[in-house]
Amino acid sequence: MKKVLVTGGAGFIGSNYIHHALRVHPDWEIWNFDKLTYAGNLANLKDIDTDPRYHFVQGDIADATAVAEVMKNGIEIIINFAAESHVDRSIKGSQEFLVTGVLGVQTLLDAAKEHSIKLFYQISTDEVYGDVEVGQYSKETDMLHPSSPYSAAKAAGDLLVLAYARTHKVPVVLSRCTNNYGPYQYPEKMLPLFVTNLIQGKKVPVYGDGQQIRDWLHVDDHCRAIDLIIEKGNRGEIYNIGANHQPEWVNLQVTKLILDELKADESMIEHVTDRPGHDRRYAVDTAKISVLGWKPLVAPDEGLRQVVRWYKDHPEWWQPITSGDFKKYYESQYRSA
Ligand code: NAD
Ligand code: DAU
């Protein structure tokens, strides 16, 4: 059995990845190491929690003792999804972002070095490049221009990973993916927030003019890309991952698609105060990963509609969140335009 540590596996992408990996890698045994912050949710994994190839350990990646303990299981690969991931929260307060995104990454890298593991995989984001003009695409070799404390913390983590690769010869790979959508995404993020608001008869808060561009990728396509990079990616290198959806979608178009799928009309759109420092457009050049043989398989329009239906069909998953602490957070957000 290959022993794999997935950190942050109780969050959105990590939990989707664990489902995917248990399905496609019968020779993997997975330890999910997660602090269970507000975003960590074991309900995302309840259908697999008795699988003998899956183990859950609650712990903080910035806690060297807890990390050392889980590494005793003979871990060969670390895939680090753990992060504070919401831009708006990083604007309100950034310390946790830095603790997990920098000190946490450093703690994992030290463990990787000490145990001479086969691979350290850092899950990064297209946001480290900052926004780019229409017609431009960020390449893996571009300078980093993060705009928010979230993306600055991610950029710092990336640099640390590359430094350990060079100085300590830790075998690493990094990937920088665009916006994911899929099941189990915490309903503070645009897509699940808008869907769950509409189902509850609430309006959807579109920041500013709603003309910002994101390149939406189904989480299953992201999971397949991660596997391919583990298998074929050059160690010490970075791979962009993105849907390259053409024509590009502005947020208002995605909003209208959600409204359409839920048979709601445009009177449910509320333009609210823009996010401070809001990046206008992300777009990545995916030539490098396409050489490995990856391309997205999920059709963007139908994929988004399917995911809208998933939230509609699974109120038992999101209602405990929207009625709990999240309600206080949401009500304290800047809202009026
Ligand atoms: P998420 O917020 O849904 O999940 C993060 C998980 O990490 C949670 O389970 C949380 O409990 C855990 N965690 C946080 N701090 C921790 C710590 N100190 N120790 C251990 N666990 C901790 O995030 P997500 O959207 O699933 O994103 C996962 C990763 O993918 C992040 O690194 C993010 O930067 C990156 N990413 C996300 C997207 C996206 O669209 N969501 C796109 C590209 C990259
Ligand atoms: O690009 C990858 C990144 O995508 C990841 O690194 C982040 O972890 C992830 O959160 C996501 O960041 P965004 O800021 O793009 O995602 P979010 O869902 O918060 O917002 C998507 C777009 O929708 C963005 O332009 C802001 C806008 N928005 C968001 C919210 C929450 C709104 O208009 N209204 C909202 O209420």
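How are H4 and H5 oriented to each other, roughly parallel or oblique? The legends below take up this question and then move on through the predicted model.

**View 1. Helices H4 and H5 run side by side in this predicted model, roughly parallel to each other.** Helix H4 spans residues 95-114 and helix H5 spans residues 149-168. Their axes cross at roughly 15 degrees and come within 8 Å; an angle under 35 degrees counts as roughly parallel, and H4 and H5 are therefore given that description. The crossing of these two helices is right-handed. On the H4 side, the meeting residues are Phe 97, Leu 98, Gly 101, Val 102, Val 105, Gln 106, Leu 109, Asp 110 and Lys 113. Facing them from H5 are Tyr 150, Ala 153, Ala 156, Gly 157, Leu 160, Val 161, Tyr 164 and His 168. Sorted by class, this contact has 11 nonpolar, four polar and two charged residues.

**View 2. Helix H1 packs against helix H7 at an angle of about 60 degrees.** Here you can follow H1 through residues 12-24 and H7 through residues 219-232, with the two axes 9 Å apart. That angle makes H1 oblique to H7. The crossing of H1 and H7 is right-handed. H1 brings Phe 12, Ile 13, Asn 16, Tyr 17, His 20 and Val 24 to the contact, while H7 offers Val 219, His 222, Cys 223, Arg 224, Ile 226, Asp 227 and Ile 230. Eight of the residues in the contact of H1 with H7 are nonpolar, three are polar and two are charged.

**View 3. Helices H8 and H10 meet at an angle of about 55 degrees.** H8 covers residues 251-261, H10 covers residues 300-313, and their axes lie 10 Å apart. H8 and H10 are therefore oblique to each other, and their crossing is right-handed. Leu 257, Ile 258, Asp 260 and Glu 261 of H8 make the contact with Asp 301, Leu 304, Arg 305, Val 308 and Arg 309 of H10. The class split for H8 with H10 is four nonpolar, no polar and five charged residues.

**View 4. Ligand 1 sits among 28 surrounding residues.** The closest of them are Ile 13, Asp 34, Ser 85, Tyr 150 and Lys 154. Asp 34 places a polar side-chain atom 2.6 Å from an oxygen atom of the ligand. Backbone atoms take part as well: a polar one of Lys 35 is 3.1 Å from a nitrogen atom of ligand 1, and a polar one of Asn 180 is 2.8 Å from an oxygen atom of ligand 1. Two of the residues named here also appear in the helix views: Ile 13 in the contact of H1 with H7, and Tyr 150 in that of H4 with H5.

**View 5. Ligand 2 is surrounded by 25 residues.** Thr 125, Asp 126, Tyr 150, Pro 205 and Arg 275 are the closest. Oxygen atoms of the ligand have several polar neighbours to look for. A backbone N or O atom of Met 190 lies 2.8 Å from one, and a backbone N or O atom of Tyr 207 lies 2.8 Å from an oxygen atom of ligand 2. From a side chain, a polar atom of Asn 251 also lies 2.8 Å from a ligand 2 oxygen.

**View 6. Two loops carry backbone details worth a look: a positive phi at Leu 36 and a cis peptide bond before Pro 247.** Most residues other than glycine have a negative phi, and most peptide bonds are trans. Leu 36, although not a glycine, has a positive phi of about 60 degrees. Leu 36 belongs to the loop between strand S2 (28-34) and strand S3 (54-58). The bond from Gln 246 to Pro 247 is cis, with omega near -5 degrees. Pro 247 lies in the loop that leads from strand S10 (237-241) to H8.

How values were computed: Residues are numbered from 1 along each chain as its sequence is written. Chains are lettered from A and ligands numbered from 1 in the order in which they are written. This is a predicted model: local features need pLDDT of at least 70, side-chain atom pairs count only at pLDDT 80 or more; totals for chains, interfaces and linings use all residues. Side-chain values use heavy atoms; hydrogens and water are left out. Axes are lines fitted to C-alpha atoms, for helices over the stretch in contact, and angles run from 0 to 180 degrees between N-to-C directions. Helices (H or I, at least four residues) and strands (E, at least two) are DSSP runs, numbered from the N terminus. Angles under 35 degrees count as roughly parallel, over 145 as roughly antiparallel, 65 to 115 as roughly perpendicular and the rest as oblique. A crossing is left-handed if the near helix is turned anticlockwise from the far one by less than a right angle, and right-handed if clockwise. Contact means heavy atoms within 4.5 Å. Ala, Val, Leu, Ile, Met, Phe, Trp, Tyr, Cys and Pro count as nonpolar, Asp, Glu, Lys and Arg as charged, and the others, Gly among them, as polar. A residue is near a molecule or strand if one of its heavy atoms lies within 4 Å of it. A polar contact is a pair of N or O atoms within 3.5 Å; within protein, one must be able to donate a hydrogen and the other to accept it, and residues adjacent in sequence count only if both atoms are side-chain atoms.
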